[in-house]
Amino acid sequence: GFQEAGEENVASQARQMLADVEQRIRETNTSEEADAAIASAEAHLTHQRFGEARREGAQAMLFLAKGGMLEEREAQVTDLEERIQAQETRHGACADIRHALTVGAGALELARAPGKGVSLE
């Protein structure tokens, strides 16, 4: 009885150690996968591929959640999303300005064209 209880205790400790090691491996793998997804999102953001950047950011969140690390690294992913939104807004504003300049240049060309009877006044 006494020896069996000791063996059961050792077996229980061994199972717990194995579970701890497996958890650390999962956390390491998902952390590395999350880091890779964040790096990929950053690269997409640099090239103004906002949809792809968002997808990679979401993937990073999934990896972090899977590894139980979402809470401790949530600020990093939130910062990435905020930067994506800010760049997307700036990109849209620049596109609007380019469009307005193109329309204005076209109107100026028409106004300058001889014999068109268009006046800027």
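These are my notebook entries on a predicted model of one protein chain.

**Entry 1: confidence**

I began with the scores, since I like to know what I am leaning on. The protein chain has an average pLDDT of 87, and 94% of its residues reach at least 70. I then went through the elements. Helix H2, residues 50-66, has the highest mean pLDDT, at 92. The lowest mean belongs to helix H1, residues 2-46, at 86.

**Entry 2: H2 against H3**

Next I looked up how H2 and H3 pack. Two packed helices are described by the angle between their axes and by the distance between those axes. For H2 and H3 I noted an angle of about 175° and axes 10 Å apart. An angle over 145 degrees counts as roughly antiparallel, so I wrote H2 and H3 down as roughly antiparallel to each other. By class, their contact holds nine nonpolar, four polar and four charged residues.

Which residues of H2 meet H3? I listed Phe50, Ala53, Arg54, Gly57, Met61, Leu64 and Ala65. On the H3 side, the residues they meet include Leu70, Val77, Leu80, Glu81, Ile84 and His91.

**Entry 3: a salt bridge between the two helices**

Arg54 and Glu81 are both in that contact list, and I checked the pair more closely. Their side chains meet in a salt bridge, with 3.0 Å from N to O. Glu81 lies in helix H3 and Arg54 in helix H2, so this pair ties together parts that are 27 residues apart in sequence. Are the two partners buried or exposed? Glu81 is partly exposed, with a relative accessible area of 28%. Arg54 is also partly exposed, at 27%.

**Entry 4: the other salt bridges**

I counted six salt bridges in the model. Here are some that I looked at one by one.

- Asp79 forms a salt bridge with Arg83, and their closest N and O atoms are 3.1 Å apart. The two sit four residues apart in helix H3, which means about one helical turn separates them. Asp79 is partly exposed, with a relative accessible area of 37%, and Arg83 is partly exposed at 30%.
- I followed this pair a step further and found a network of salt bridges that links Glu42, Asp79 and Arg83.
- Glu8 and Arg15 meet through their side chains in a salt bridge of 3.2 Å, N to O. Glu8 is partly exposed, with a relative accessible area of 46%.

**Entry 5: His44**

I went back to helix H1 for His44. Is His44 buried or exposed? Its relative accessible area is 17%, and the cut-off for buried is under 20%, so His44 goes down as buried. I also looked up its contacts, leaving out residues up to four places away in sequence. His44 touches Arg49, Glu52, Ala53 and Glu56. Ala53 was already in my notes, as one of the H2 residues that meet H3.

**Entry 6: Asp96**

My last stop was Asp96, which has its place in helix H3, residues 70-112. Asp96 has a relative accessible area of 55%, and over 50% counts as exposed, so I recorded Asp96 as exposed. How many Å separate Asp96 from Leu80? From C-alpha to C-alpha they are 24 Å apart in space, with their positions 16 residues apart in sequence. Leu80 was in my contact list too, among the H3 residues that H2 meets.

How values were computed
Residues are numbered from 1 along each chain as its sequence is written. This is a predicted model: local features need pLDDT of at least 70, side-chain atom pairs count only at pLDDT 80 or more; totals for chains, interfaces and linings use all residues. Side-chain values use heavy atoms; hydrogens and water are left out. Buried means under 20% relative accessible area, exposed over 50%, partly exposed in between (1.4 Å probe, protein chains only). pLDDT is the predictor's confidence in each residue, from 0 to 100. Axes are lines fitted to C-alpha atoms, for helices over the stretch in contact, and angles run from 0 to 180 degrees between N-to-C directions. Angles under 35 degrees count as roughly parallel, over 145 as roughly antiparallel, 65 to 115 as roughly perpendicular and the rest as oblique. Contact means heavy atoms within 4.5 Å. Ala, Val, Leu, Ile, Met, Phe, Trp, Tyr, Cys and Pro count as nonpolar, Asp, Glu, Lys and Arg as charged, and the others, Gly among them, as polar. A salt bridge is a side-chain nitrogen of Lys or Arg within 4 Å of a carboxyl oxygen of Asp or Glu.
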